[in-house]
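Q: I'd like to go through this model with you before I take it back to the bench. Could you start with the terms, and then take my questions as they come?

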Amino acid sequence: MRQSTVTWSDEETATDSGPAAESDTVVVHVQLRPRRGSTRRCLAALAELAGLHPAVAFALTGLAKDDRVVRVTVGVELGPRAAVARFSPQAQAAYSFVSALFTTLYDHLPVYTTEPGSAERAAAADLVARLEQGAATPTVVPAPRPSSPVEQIPA
């Protein structure tokens with residue numbers, strides 16, 4: 001009997017046992033970190049990139065913010081574990097999409113990350129629900145904060 005444990009975050013641990021573990025779907029998470037003022041441009045660029053890769057299954061899996069950036073986490077499905085190991089067409093398409101994320105959206109500082117926590121997943125689900133409803137409930141993106149004198153670099 002084969003056993004594998006994958007830890008995604010401090011909050012949750014997924015454990016798989018037996019032959020079903022090899023058919024599990026593999027998801028890679030990429031986090032984009034646009035400045036607060038460019039979040040809409042980041043999401044628009046992500047939507048445009050998704051249009052260029054219609055065969056790839058991905059979802060907005062996390063959304064969080066701090067004083068300067070919004071952390072947008074995208075989960076990209078690579079396919080079943082066994083098919084990923086054989087570099088299946090689905091995995092190739094997903095790898096191509098992830099590569100395009102890094103090259104096309106490099107201004108938004110993409111990085112590989114772990115699965116987002118429950119609060120980030122809930123915020124992403126709320127944003128997706130608002131976007132599906134359209135203009136009925138507008139999403140408010142706060143303006144970027146001005147830099148403090150300590151953060152300014154003299155010319």
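A: One term is needed first: a residue is called buried when its relative accessible area is under 20%, exposed when that area is over 50%, and partly exposed in between. By that rule Leu 109, with a relative accessible area of 43%, is partly exposed. Please keep in mind throughout that this is a predicted model.

Q: Fine, and where does Leu 109 lie?

A: Leu 109 lies in the loop between α3 and β6. Its phi is near 50°, which is a positive value in a residue other than glycine.

Q: Why point out the sign of phi?

A: Most residues other than glycine have a negative phi, so a positive one is worth pointing out. Phe 87 also has a positive phi, near 55°, and it is not a glycine. Phe 87 is found in the loop between α2 (81–85) and α3, and at 43% relative accessibility it counts as partly exposed.

Q: Let's step back. How many helices and strands are there in the protein?

A: The protein has 4 helices and 6 strands, and from the N terminus on the elements run β-β-β-α-β-β-α-α-β-α. Of the 155 residues, 32% are buried. The protein exposes about 9600 Å², and carbon and sulfur atoms supply 57% of that area.

Q: And what about contacts across the sequence?

A: Among the contacts with a separation of 6 or more, 66% are between residues 24 or more positions apart.

Q: Now the sheet. What is the strand order?

A: There is an open sheet of 4 strands in the order β4-β5-β3-β6, and the pairing is antiparallel. β4 (58–65) and β6 (111–113) stand at the edges with a single partner strand each, so one side of each is left without a neighbour in the sheet. Neighbouring strands of this sheet are turned against each other by 30° on average, with direction ignored.

Q: How many bridges between β3 and β5?

A: Strand β3 (residues 25–32) and strand β5 (residues 70–80) pair in the antiparallel sense over 8 bridges. If you want to find the register on screen, His 29 stands opposite Gly 75 in β5, and Val 28 has Val 76 of β5 as its bridge partner.

Q: What about the β4 side of β5?

A: β4 and β5 are also antiparallel, pairing over 7 bridges, and they form a hairpin with 4 residues between them. On that side, Ala 64 stands opposite Arg 71 in β5.

Q: Is β5 enclosed or open to the outside?

A: β5 is largely enclosed by the rest of the structure, because 8 of its 11 residues are buried.

Q: What about Thr 25, buried or exposed?

A: Thr 25, which is found in strand β3, falls between those two classes and counts as partly exposed, at 42% relative accessibility. Leaving aside neighbours within four places in sequence, Thr 25 is in contact with Glu 77, Gly 79 and Pro 80. Thr 25 and Glu 77 are 52 residues apart in sequence, while their C-alpha atoms are 7.0 Å apart in space.

Q: Which helices go with the sheet?

A: Helix α3 (residues 89–104) lies across β3, β4, β5 and β6, running at about 160° to β5. Helix α4 (residues 118–133) packs on the sheet as well, touching β4 and β5, and its direction makes about 115° with that of β4.

Q: And α1, how does its span compare with what it should be?

A: Helix α1 (residues 39–52) has 14 residues, which at 1.5 Å a residue should span 20 Å, and its end C-alpha atoms are 20 Å apart, which agrees.

Q: Which residues of α1 are buried?

A: The buried residues of α1 are Thr 39, Cys 42, Leu 46, Leu 49 and Ala 50. Seen down the axis of α1, the buried residues fall within an arc of 105°, so they line one face of the helix.

Q: Why would a spacing like that give one face?

A: An α-helix has 3.6 residues a turn, so residues three or four places apart point the same way.

Q: What do those buried residues pack against, and which residues are on the other face?

A: The buried residues of α1 pack against β3, β4, β5 and α3. The face of α1 turned away from that buried side carries the exposed residues Arg 40, Arg 41, Glu 48, Gly 51 and Leu 52.

Methods: Residues numbered from 1 in each chain as written. Predicted model: local features only at pLDDT ≥ 70, side-chain atom pairs only at ≥ 80, totals over all residues. Heavy atoms only, no water. Pairing = 2+ DSSP bridges. Axes fitted to C-alpha atoms, helices over the stretch in contact; angles between N-to-C directions. Contact = heavy atoms within 4.5 Å. Buried < 20%, exposed > 50% of the residue type's maximum accessible area, 1.4 Å probe, protein only. Expected span 1.5 Å × (residues − 1). Arc of directions from axis to C-beta. Areas by Shrake-Rupley, 256 points an atom, 1.4 Å probe, with all protein chains shown as cover.
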